[in-house]
Amino acid sequence: MNRFNTALLSALIIGSTFTSCQKDDDTPKEKGAYEHGVFIQNEGSFGNSNASVSFIDSEGKTQSNIFKTVNGRNLGDVFQSMMIDNDDKAYLVVNNSNKVEIVNANTFEEIGVIADLKSPRYIIEDGDFLYITQWNGWGEKGSLKIANKNDGSIGSTIEVGNAPEGLVKVNNEIWIANSTSNTISIVNMQSNTLSMTLNLPVDVEAPKHMVVDSDGDVWVLCSGNVLYDSSWNPIGNTPSYLIEINSSTKKLGTPIKLSQTVHYSNLVIDKNGTNLFYGGGFGVIGIFTIETSGSIAPAIPIVDGVFYGFNLDDEGNIYGAIAPNYSSNGTVTTFDSSGKEIAHYVVGIGPNGVVFSN
Amino acid sequence: MNIKKLFFIVFVFCLNQLPGQEVSKDTIYELINIDLMDTRAKDFSTGFKVETLDKNLLKTFSGNSVADALSAGSGVNIKSYGPGGLSSISIRGGGSYHTAILWNGINLQSPMNGGLNLSSIPMDLIGDISLQYGGSGSLAGSGAAFGVLRLSSSSGLRKENTAFLSSSVGSYSNYRLALGSNFYIKNSLFSIKGFYQSSENDFEFVNTAKFGSPTEKQSNSAYSQYGIIVDNKTTVGENTTFLASLFFNNYDKDIQTLMSDYTPSEANQVDNNLLVTAIFKYSKNRLNINFKNAYIGAKLHFTDPMSPDPESKSASSSFISELESNYFTSENQNLYTAINYTYENADSGGYSSNPSRNRLSFIAAYKFSHLWDKVNIALSLRQELIDSNFNPLQYSIGVDGNIVSFLDFNFNFGKVYRIPTMNDLYWRETGFAVGNPDLIDESGYSSDFGLTQTIGGDFIDIKFGQSIFYNYINNLIIWAQLDNGKWKPLNKNIGKSKGLELSVDFSSRIFGSKIGIKESYTYTDASTSDDEGGSWQKQVYTPTHNSNTNLWWEYKNLRSDFSLNYYSDRNIDNAGNTLEGYSIGDFSVSYFFDLKKINIQITAKANNLWNTQYQVTSGYAMPLRNYMLTARFSI
């Protein structure tokens, strides 16, 4: 027996002795260092492979770059989005690395990777499957990739519109916002086929994100666009809108105009499914809230400031991610439901989103 | 090529053939090198630490680029995006655009972005490389804030009627062929060289950025290049010499896939560069007059189907004309004056128009040599006018000399500056970025003090060197994100750099062989901040410690070289993320012999001897151990 094996055996014996001496109790074992807290998606700077994950624990202490701390390597280039499933697996979509990293959400230890992707954006899960939007090449039609959760293999690829972004599951369908086609693709989850494409009204452009309200209807945030002349000089804007779509009849509601010139990029709904929060994005000032029964956009934000991304916890507290640039650390500021500042945290480069542990 | 450029080139080379007086060939067999092309470097680098790379070492890099030679043969920091990829130089903690890169005295830094890819300059076309540590705005102009890299073209005009052919084969399907000739026609000496090189560059590496650390082959990293350089020297009369050179280079490079990327890159970049220079030299009694003219043209074509802008083209042109005189007022004093006119223009899809600018510089310098038989002092001034705006006056003082027989010293202090690039000034407004025509120059100063001790004997030569330096730059131009989300260049930061350089150069002759060790170590503390009272961030990609060791041995027809480079951890951003330090060693052995009248040199080279897994730039893989075999035939 070599020295390593001897040491390992000794450690096991000593460990089991301590274990056997411990008194049994009903206190649930901690699943890992990251079981309770908030994950911050730090996009990093394009081309530098310095994307990272920051973690704010339940006591408000911050840990930076936990993926590298645990796994000994950088996460990759441009961290786009993250999702935690019911099995406590976290899926980290790394856009410019064309991959989804799979880690244990409690320990952040690497489990696997989903490759064979081309510019992936957002991910959701259902049962044994993962649904991932991806852009493909510039100007090409986007795709919905369906991957097997067990082994990460890609089972189906469904062509959707151009530059697909956010996606939601409603009824037995996956809805995908095609940001440059100005359409919503609807995929039947039984047959894994494109069942319908909804066209948005003229002038309602750049659908980015969707949420499902308490009635089961889908709300779409359409960011609008900056208009350019042939020399790429900006000459105007199309407005940003919220639009409600009946998930059963697919009937579009009346678009709610948010702004003529400001292009909001983030949409979140509270846990009751009755209040929408929109705002944030590239240089966008303010986070606003509107009830799902509302029809007029508020003039005053609930939180002032330039947030690259934000999210709401179950208590209605707002976590706003601030990215001052793409070369130094960003911050996250938390606010209560009235917009009063609670706390401030230093995180990694380019924080673009906030995900809560299960 | 338009009519103006064609006329200019034809004019330059037709002038060469003007009949002149037949003169002794002995007066012609001179070296066309940096001394002849760059008066300011020759006469006014007083007080600066200047390092000239060992010519014998450079010979072992004949199949490599200037970036490779500088990495292995000097103490400067080369940032590289992989083999053949974009490589830039950093001296004493400055950015790549803070080191002027002069080719035969002409600044090659791009007016569009202030940079130059040193991977695209093959060593086949280089005669000499020297490094000036420390900046000098008055002598080298904009961009020479932390140092100057001086390259000179072929030194092949030593003999008439010579020719060579050199070929290499190396790892990763790396093939190279270079050939050239020197010949004499009437009163003109010519040197013509051409080369072609290609490499699949598909090296194997352990991908530590991916799950499971798989061993992979680098994808989309092939490159090929070809080029030609022509040098000419014609003695027109007893006092007049005409020097001309033409350099053309085509560089076709696939942009290598990032280590973390699961989809191979499809990006590619093709660069075409043209440099033409023509210099009239007149010397009589105490007066030397030079009239220099140069054209620099650069074209870039970038394609990437995955990019929002899948194809982009850009081009820039610079016309430079300089009249300089150097008058010796006495045996040990000389007055230098020059007027330099530079016209720059650029054409890019990134600009809403084709910007141009006119730059006019007035330069004066005075030098006292051998004061008290021991001390040299050089003072210099530069006033630059850009379009209708005067830049602040630049000045510098340099002093060097001998304290006691074995101890020399050098000191210099000077103002430095860097004008904004055209990208900074004229980038068209989009939803994401906008240029800033209101930018002002980066400005600051550079200073250092050094000592050297030389010990010589019949069998041993030892030279020790110690330098301390301090550089300060204000109004650093940083692309920052505005409240409206757009990126815009601003005069935002301050930069400081201080440090220490130590060197030992030892050589000895024992039992008919020669051995030598050249060791240099640099400690650099470089940082930037928004303001003096703010927090200071370590300068990215600047190692605190780096060292370079060259060990060589010569015996009869055999020479071997071993080089060892060490770089400590480097910050890759201002968020505290770092790249691990690394050390790599290279070894080469050359054998020289004659076969009838043909001189033959065979060189075998092994790089990265102990298979270090390392990254120079975050996310870009570097090759493990690799080899190259070169044969050179000359007559």
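**Exercise 1.** How much space lies in the largest cavity, and which residues lie nearest its centre?

*Solution.* Begin with the setting, which is a predicted model, in which the count comes to eight cavities of 30 Å³ or more. The next step is the volume: the largest cavity holds about 770 Å³ of space. Turning then to its wall, one finds 41 lining residues, and those that lie nearest the centre are Asn64(B), Asp68(B), Pro83(B), Asn607(B) and Met622(B).

**Exercise 2.** Find which element gives the most to the lining of the largest cavity, and describe that lining by residue class.

*Solution.* Start from the elements of chain B that each supply at least two residues of this lining, among them α5 (66-73), β2 (77-80), β10 (188-199) and β35 (626-634). Of the contributors, α5(B) gives the most, with four residues. Sorting the lining by class, finally, yields 18 nonpolar, 20 polar and three charged residues.

**Exercise 3.** Describe the second largest cavity by its volume, its lining residues and their classes.

*Solution.* The volume comes first, and for the second largest cavity it is about 90 Å³. This cavity is lined by 14 residues, of which Gly75(B), Arg92(B), Thr522(B), Thr524(B) and Asn546(B) are the closest to its centre. When the lining is divided by class, four residues are nonpolar, eight are polar and two are charged.

**Exercise 4.** In what order do the four strands of the open sheet in chain A follow one another, and which of them are the edge strands?

*Solution.* Reading across the sheet, the order is β8-β9-β10-β11 in chain A, with antiparallel pairing. The edges are found by looking for strands that pair on one side only, and these are β8 (120-126) and β11 (154-162) of chain A. From one strand to the next, the twist averages 20°. A closer look at one pair shows that six bridges join β10 (residues 141-148) of chain A to β11(A), the two running antiparallel, and Leu144(A) is found opposite Ile158(A) in β11(A).

**Exercise 5.** Explain why chain A can be called as compact as a globular protein of its length.

*Solution.* Consider first the make-up of chain A, whose secondary structure comes to two helices and 30 strands. Its radius of gyration is 22 Å, and because this is close to the 21 Å that the globule rule gives for 358 residues, chain A is as compact as a globular protein of that length. Along the principal axes, the C-alpha atoms of chain A fill a box of roughly 75 × 45 × 45 Å. As a last step, consider burial, taken as under 20% relative accessible area: buried residues make up 56% of the 358 residues in chain A.

Note on methods
Residues numbered from 1 in each chain as written. Chains lettered and ligands numbered in written order. Predicted model: local features only at pLDDT ≥ 70, side-chain atom pairs only at ≥ 80, totals over all residues. Heavy atoms only, no water. Pairing = 2+ DSSP bridges. Axes fitted to C-alpha atoms, helices over the stretch in contact; angles between N-to-C directions. 1 Å grid on protein atoms, 1.4 Å probe; cavity = no way out; pocket = protein on both sides within 12 Å on 5 of 7 lines; lining within 4 Å. Points joined across faces, edges and corners; volume = space filled by probe spheres on them. Nonpolar A, V, L, I, M, F, W, Y, C, P; charged D, E, K, R; others polar. Rg over C-alpha atoms; globule rule 2.2 N^0.38 Å. Buried < 20%, exposed > 50% of the residue type's maximum accessible area, 1.4 Å probe, protein only.
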